[in-house]
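Colleague: Please take a close look at the pockets of this model, and at the ring contacts elsewhere in the chain. I would like the cut-offs along with the values.

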Amino acid sequence: MPDDLLGGKRVLLGVTGGIAAYKACELVRELRKLGAEVQVVMTPAAKQFVAPLTFEALSERPVLTDLFHPETGSRATVHIDAARWAQVVVVAPATYDFVGKMAAGLADDALSTLVAAANVPVILCPAMNKEMYVNPAFQANLRTLRDRGVLVVDPESGELACGEEGIGRLASKERILDAVKRVLLGHDALKGVRVLVTAGPTEEPLDPVRVLTNRSSGKMGYALAEAALWAGADVTLVTGRTQLRSADGVERVEVRTSAEMAEAVRRRWEDVDVLIMAAAVSDYRPRRTADQKIKKKGDQGLVLELEQTEDILGWAGEHKGERTLVGFAVETENELANGRQKLQSKNLDLIVINNPRHEGAGFDVDTNRVFLLDRDGRVDAWPVLPKIEVARRLVARVAALHRGQ
Ligand code: CTP
């Protein structure tokens, strides 16, 4: 199922003249994949690095490069037309020169004029040599722009195009996309609300090299953390071991065992308004963890003695206060009856039930099919949806519940 998250949204991508300009090509592709319309605007220097034709092919639109000989539209108003069209302006890479020009309020080419005329959020993604980046003049310019409300996606450290090591590499496309999504999908349904999401599997050690775990990928919980961020929440993600990257702006707390997860939740409890317990917490753990690697015992086999772990959500239900609690349940039969029972026994406001045996649901896939059950007995059955879409809808529902609607 295609992820049409930015379907129909209009992104103006400014490309300025640095080596990282080639990375902007990838950014256009990713934005297009998410369904966005992308209008590329290049400075004259950017054309020294990448040909406009490349961007034209990737964006499926003529590239704007010249204020007075525009590829489309009227010469007199092309900068205004493009600025009004855009819902967000992203400049990636943004050079030392461009940032300086913007801070000084200068406008002498298509991109700088357009940015001056734009009345929408502007995201700057600086990329340059490390000495240029730390130059006090540049830092002062960046501060000026931040103070004016410009969003900055900070560069990263690593090997630079000039061969030196240090800060100045263009932020990864994932981080730039995080910023774009936050602007375009942002709302304030959970503004100021402190949301704690748990995600991923837990690991219960048997010995120094072996663990008992499960097949949870963490995708649903990570999507929820991101969707809560878009809703304006302060988000903490307590995560078991996964391969996933959490969105910029999410506070990430890594744990391994169910006991560590329980401790992480308890420690933050006074600062939690909403708990979304999407983690696949192990119900059992070995009663003893061997100090040394357990050796083969031949034909007599190996019996592991397990004990129950603490029910984190159960604890949360007992200490609920004014908080909103959301649980997940994996059920392979009698979904609604079992879900209802869990909702009551754990004192939840909402339970999200999925059956991994249904097509499009379950572990390690990008879609999910869920039922929702709330305290008032309302049942919602959603179709198969991308997990991020399930997350967005769920966050909207949780926000309404939290407001008492
Ligand atoms: N959960 C938890 N702590 C545990 C086990 C589960 O907080 N030790 C949470 C999960 O994160 C999930 C919810 O409880 O949100 C439901 O988990 P599930 O394992 O399906 O329910 P159980 O009550 O453990 O029932 P059973 O395993 O018998 O179906």
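Modeller: The two pockets come first, then the rings, then the chain as a whole.

This is a predicted model, in which local features need pLDDT of at least 70 and side-chain atom pairs count only at pLDDT 80 or more, while totals for chains, interfaces and linings use all residues. Residues are numbered from 1 along each chain as its sequence is written, and side-chain values use heavy atoms, with hydrogens and water left out.

The largest pocket holds about 880 Å³ of space. A pocket here is an open set of points on a 1 Å grid over the protein atoms alone, where a 1.4 Å probe fits, with protein on both sides within 12 Å along at least five of seven lines; lining residues have an atom within 4 Å of a point. Grid points are joined across faces, edges and corners, and the volume is the space filled by probe spheres set on the points. The lining of the largest pocket counts 38 residues, and A279, A280, V281, F328 and V330 are the closest to its centre. Two or more lining residues come from each of α9 (219–230), α11 (312–318), β16 (324–330) and β17 (350–354). Helices (H or I, at least four residues) and strands (E, at least two) are DSSP runs, numbered from the N terminus. By class, the lining of the largest pocket has 16 nonpolar, 14 polar and eight charged residues. In this scheme Ala, Val, Leu, Ile, Met, Phe, Trp, Tyr, Cys and Pro are nonpolar, Asp, Glu, Lys and Arg are charged, and the others, Gly among them, are polar.

The second largest pocket has a volume of about 730 Å³. Its lining has 24 residues, with D3, K181, E226, D366 and I388 nearest the centre. The elements that give two or more residues to this lining are α8 (173–184), α9 and α13 (387–402), and α9 gives the most, with five residues. The lining of the second largest pocket divides into 11 nonpolar, three polar and 10 charged residues. At least three of its residues come from each of domain 1 (10–184) and domain 2 (188–402), with bounds from an automatic or database domain assignment.

Now the rings. The whole structure has three aromatic pairs, where rings of Phe, Tyr and Trp (its six-membered ring) pair if their centres lie within 6.5 Å, and planes under 30 degrees apart count as stacked, over 60 as edge-to-face and the rest as tilted. Y96 and F138 form a stacked pair, 5.6 Å centre to centre with 20° between the planes. The pair links distant parts of the chain, since Y96 is in helix α4 (residues 96–104) and F138 in helix α7 (residues 136–147), 42 residues apart. Y96 counts as partly exposed because its relative accessibility is 26%, whereas F138 is buried at 0%; buried means under 20% relative accessible area, exposed over 50%, and partly exposed in between (1.4 Å probe, protein chains only). Ring pairs join Y96, Y133 and F138 in a cluster.

Two arginines sit over tryptophan rings: R266 over the face of W315, at 5.5 Å from the ring centre, and R393 over the face of W382, at 5.8 Å. The criterion is NZ of Lys or CZ of Arg within 6 Å of the ring centre and within 35 degrees of the ring normal.

As for the whole chain, there are 13 helices and 21 strands, and buried residues make up 50% of the 405 residues.
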